[in-house]
Amino acid sequence: MLDLGSTDFNLSIPSVDASQLEVMSNLLFDEWDAYADKALALPDYSLFLQVEEGSIIGRGQIMAGAKALVIGLTAYGGLMSGVDIINKQLKSTNRFLAEQAQTIFACPGSRATVRKRGGAPASLQRLFSRVQRGELTPDEATVLAQSILSEDESEIPGFLEVLSKAFHECPNLPKQEHLPFNEVAEETSIELINKKTPKTPKPRPPDIPSLHYRVEVWRESKENRKQTKITVL
């Protein structure tokens, strides 16, 4: 299976109990699943969602076999445009997950931290961009693409040849002249005035360890049923 991208989110809100966490995590997964079904032009893929409480820490990941990915990439005519379109669909799907997590767990945007990571389609798109800028030759890009798809290469016989041809045919971007830039950014140090002597902190009572829970919700393919697992950490 190829990683198609993931989203990590941290919502700084009070803890919820295990039953609430399970209900809200399943609701988030169901809405993400429904959005992905409409947004992703892939014949099959898997979804995985993990949510932990303390603050709410979550991770969503989309994966697919190489064959399913190639079907999606080649559905739009040119391979370069297919990579761009599928990558935009994945970004939209992962952005939806982060936004819905904030809505379902009632977390304002100011208290949410989101990190998105691109997977195989994003890596292929970067290779096309580097070939266009002259940073890689088409043959070098093909070798790097093979390393991205290596684990699932046997599922897609002949695809690397098609991909190599696309690298050779992608248009070069015009080179930009770099103008001299002589300005030097100045760093200004700010001194603290009227600095007060820190007070001796009062001793804190010992923390009583509390139980934390993790909910995992996943579906291994579009044909499989959703599964849920709750773990006490």
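# A tour from loop to sheet to salt bridges

Start by selecting Ala 106, which sits in the loop between α3 and β4. Before you click on, know that you're looking at a predicted model, where local features need pLDDT of at least 70, side-chain atom pairs count only at pLDDT 80 or more, and totals for chains, interfaces and linings use all residues. Residues are numbered from 1 along each chain as its sequence is written, and side-chain values use heavy atoms, with hydrogens and water left out.

**Stop 1: Ala 106**

Is Ala 106 buried or exposed? Ala 106 counts as exposed, at 62% relative accessibility. Here is how those words work: buried means under 20% relative accessible area, exposed means over 50%, and partly exposed is in between (1.4 Å probe, protein chains only). The areas themselves come from the Shrake-Rupley method with a 1.4 Å probe, and for residues only the protein chains shown count as cover.

Now check the backbone of Ala 106: its phi is near 55 degrees, a positive value in a residue other than glycine. Most residues other than glycine have a negative phi.

**Stop 2: the whole chain**

Zoom out and switch to cartoon view. The protein has six helices and six strands, and from the N terminus on they run β-α-β-β-α-α-β-α-α-α-β-β. Helices (H or I, at least four residues) and strands (E, at least two) are DSSP runs, numbered from the N terminus. Of the 233 residues in the protein, 40% are buried.

**Stop 3: strand β1 and its neighbours**

Go to the start of the chain. Met 1 belongs to the segment before β1 and is partly exposed, with 46% relative accessibility. Put a distance between the C-alpha atoms of Met 1 and Ser 46: you get 9.1 Å, although the two are 45 residues apart in sequence.

Next, select residues 2–11, which make up β1. How many of its 10 residues are buried? Eight are, so this strand is mostly covered.

Which strands does β1 pair with? One is β3 (residues 56–64), antiparallel to β1 and paired with it over nine bridges. Another is β4 (residues 112–118), also antiparallel, with seven bridges to β1. Two strands pair if DSSP finds at least two bridges between them. To see the partners up close, pick Asn 10, which stands opposite Ile 57 in β3, and then Phe 9, whose bridge partner in β4 is Val 114. In a regular strand the side chains alternate between the two faces of the sheet.

**Stop 4: the salt bridges**

Time to show side chains. A salt bridge is a side-chain nitrogen of Lys or Arg within 4 Å of a carboxyl oxygen of Asp or Glu, and a search of the whole structure finds nine of them. Side chains of opposite charge can pair when their charged atoms come close.

Select Lys 226 and Asp 30, whose side chains meet in a salt bridge at 3.0 Å, N to O. Lys 226 is in the loop between β5 (213–219) and β6 (227–232) and Asp 30 is in helix α1 (residues 18–39), so this pair ties together parts that are 196 residues apart in sequence. Lys 226 is partly exposed at 34%, and Asp 30 is partly exposed at 36%.

Now try Glu 52 and Arg 214, another salt bridge, at 2.8 Å, N to O. Why does this pair tie together parts that are 162 residues apart in sequence? Because Glu 52 lies in strand β2 (residues 46–52) and Arg 214 in strand β5. Glu 52 is buried, with a relative accessible area of 17%, whereas Arg 214 is partly exposed at 23%.

Then click Glu 135 and Arg 133, which form a salt bridge with their closest N and O atoms 2.9 Å apart. Glu 135 is partly exposed at 44%, and so is Arg 133 at 43%. To finish this stop, select Asp 8, Arg 59 and Arg 117, which are joined into one network by salt bridges that share partners.

**Stop 5: a positive patch**

Turn on the surface and select Lys 91, Arg 95, Lys 116 and Arg 126, which form a positive surface patch. Patches are made of residues with over 30% relative accessible area and no salt bridge, with like charges joined within 9 Å. Lys and Arg count as positive, and the place of a charge is taken as NZ of Lys or CZ of Arg. Arg 95 is in helix α3 (residues 79–104) and is partly exposed, with a relative accessible area of 40%.

Notes
Patch = residues over 30% accessible without salt bridge, like charges linked within 9 Å, V, L, I, M, F, W, Y side chains within 5 Å.
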